[in-house]
Amino acid sequence: MRILCTNDDGIHAPGLKVIEEIARALSDDVWIVAPELDQSGVSHSLSLNDPLRLREVGPRHFAVRGTPTDCVIMGARHILGAKLPDVVLSGVNKGRNVAEDVVYSGTIAGALEGTILGLPSFALSQEFSIATRDKPSWDTALKFGPQIVRKVLEAGVPKNTVINVNFPSCAPDAVKGIVVTRQGKRNLGFLKVDERRDGRGNPYFWIGFDRAAALDVPDEGTDLAALAAHYVSVTPLRLDRTDEAFSGKLGDILR
């Protein structure tokens with residue numbers, strides 16, 4: 001099995017070493033193609049107006065001056081040659097990718113690009129808390145990642161579906177189990193704009209996240225609820241975002 005690994009935290013991110021270990025627990029044909037720089041929050045952006053710079057940093061390890069989407073395309077269509085990868089693993093992201101994160105996440109986008117190319121694809125993310133921000137529990141991802149990927153591959157990943165896996169912020173032996181979840185939703189105030197002043201008194205801004213949103217009680221069955229209860233969350237996400245329920249009503253309205 002040929003595995004292509006990428007991420008959005010960059011070629012030197014510790015989580016990339018974790019995804020490589022997960023991949024090597026499944027196969028010895030592992031390739032790493034990751035962004036040269038941190039690309040967190042770039043979503044599914046594709047570099048069309050800038051050239052892609054490719055640098056080999058080690059055997060089967062490549063850095064691309066571009067986005068996670070660029071990396072998967074470069075890996076599958078150029079670096080690996082005629083033999084496509086059998087699976088794409090994106091991550092392990094430092095920080096969870098749940099709820100609205102899936103819209104912004106470069107980690108999710110890397111896996112989605114694999115899905116677009118017709119490949120079984122997984123996004124893997126390790127949640128951290130305030131206390132573990134500088135030292136996430138990578139061992140949790142290492143323990144549960146290989147078995148999840150293996151079992152899902154054996155069952156078969158539906159076409160146009162990406163598997164979003166999030167590991168809770170706790171030690172492996174504190175994990176209560178693995179649950180299949182749906183995408184959750186935070187309250188509307190989780191995004192904020194932080195205004196500051198530079199040395200000349202001119203304003204500049206940071207987009208940030210309101211910690212108070214983390215205090216909300218998440219709906220049962222969601223990715224948010226699973227992580228809060230120390231379960232590994234596995235959410236199948238569809239590439240097709242058509243609202244089938246509203247399509248019929250919309251057709252009647254516009255008829």
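Leaving aside neighbours within four places in sequence, threonine 161 contacts Thr115, Pro236, Leu237 and Arg238. In this predicted model, threonine 161 belongs to strand E7. With a relative accessibility of 6%, threonine 161 counts as buried. A separation of 74 residues in sequence divides threonine 161 from threonine 235, yet their C-alpha atoms lie 9.9 Å apart in space.

Strand E7 (161-167) is also one of the elements that supply two or more residues to the largest nonpolar core. This core comprises 32 residues, and Leu89, Phe122 and Leu124 have the most contacts inside it. Besides E7, the elements contributing two or more residues are strand E1 (2-6), H1, strand E2 (29-35), strand E5 (87-94), strand E6 (121-126), H5 and strand E11 (231-238). Helix H5 provides the largest share of the core, with 6 residues. Apart from this core lies another, of 12 residues, which includes Phe62, Cys71, Val88 and Leu119.

The surroundings of phenylalanine 122 can be described in more detail. When residues up to four places away in sequence are not counted, phenylalanine 122 touches Val87, Val88, Leu89 and Ser90, together with Ala111, Val149, Val152, Leu153, Val157, Val162 and Ile163.

Helix H1 (residues 14-24) packs against helix H5 (residues 138-155), their axes coming within 9 Å and crossing at roughly 25°. Since angles under 35 degrees count as roughly parallel, H1 and H5 are therefore roughly parallel to each other. Their crossing is right-handed. On the H1 side, the residues that meet H5 are Pro14, Gly15, Val18, Glu21 and Ile22, and their partners in H5 are Trp138, Ala141, Leu142, Gly145 and Pro146. Divided by class, this contact contains 7 nonpolar, 2 polar and 1 charged residues.

Several positions of H1 are buried, namely Gly15, Leu16, Val18, Ile19, Glu20, Ile22 and Ala23. The elements covering these buried residues include E1, E2, strand E4 (61-64), E5, E6 and H5. Among the buried positions, glutamate 20 of helix H1 has a charged side chain. Glutamate 20 counts as buried because its relative accessibility is 16%, the cut-off being under 20%. Outside the four places on either side in sequence, glutamate 20 is in contact with Val30, Ile32 and His61.

A second helix pair is formed by H2 and helix H4 (residues 106-116), whose axes are 8 Å apart and pack at an angle of about 30°. H2 and H4 are therefore also roughly parallel to each other, and H2 passes H4 in a right-handed crossing. Pro68, Thr69, Val72 and Ile73 of H2 make the contact with Gly106, Ala109, Gly110, Glu113 and Gly114 of H4. The residues of this contact divide into 4 nonpolar, 4 polar and 1 charged.

Arginine 77 is likewise located in helix H2 (residues 68-79). Its relative accessibility of 56% places arginine 77 in the exposed class, for which the cut-off is over 50%. Arginine 77 touches Leu84 and Leu117, with residues up to four places away in sequence not counted. Leucine 117 is 40 residues from arginine 77 in sequence, and the C-alpha to C-alpha distance between the two is 9.6 Å.

The backbone was also examined for uncommon geometry. Most residues other than glycine have a negative phi, and most peptide bonds are trans. A cis peptide bond, with omega of about -15°, joins glycine 91 and valine 92. Valine 92 is part of strand E5. Alanine 99, although not a glycine, has a positive phi of about 50°. This alanine 99 lies in the loop between E5 and helix H3 (101-104), and at 0% relative accessibility alanine 99 counts as buried. Histidine 230 also shows a positive phi, near 65°, in a residue other than glycine. Histidine 230 is placed in the loop between helix H6 (223-228) and E11. With a relative accessible area of 29%, histidine 230 is partly exposed.

How values were computed:
Residues numbered from 1 in each chain as written. Predicted model: local features only at pLDDT ≥ 70, side-chain atom pairs only at ≥ 80, totals over all residues. Heavy atoms only, no water. Axes fitted to C-alpha atoms, helices over the stretch in contact; angles between N-to-C directions. Helix = DSSP H or I, 4+ residues; strand = E, 2+ residues; numbered from the N terminus. Parallel < 35°, antiparallel > 145°, perpendicular 65-115°, else oblique. Left-handed = near helix turned anticlockwise from the far one by under 90°. Contact = heavy atoms within 4.5 Å. Core = buried A, V, L, I, M, F, W, Y, C linked by side-chain atoms within 4.5 Å. Buried < 20%, exposed > 50% of the residue type's maximum accessible area, 1.4 Å probe, protein only.
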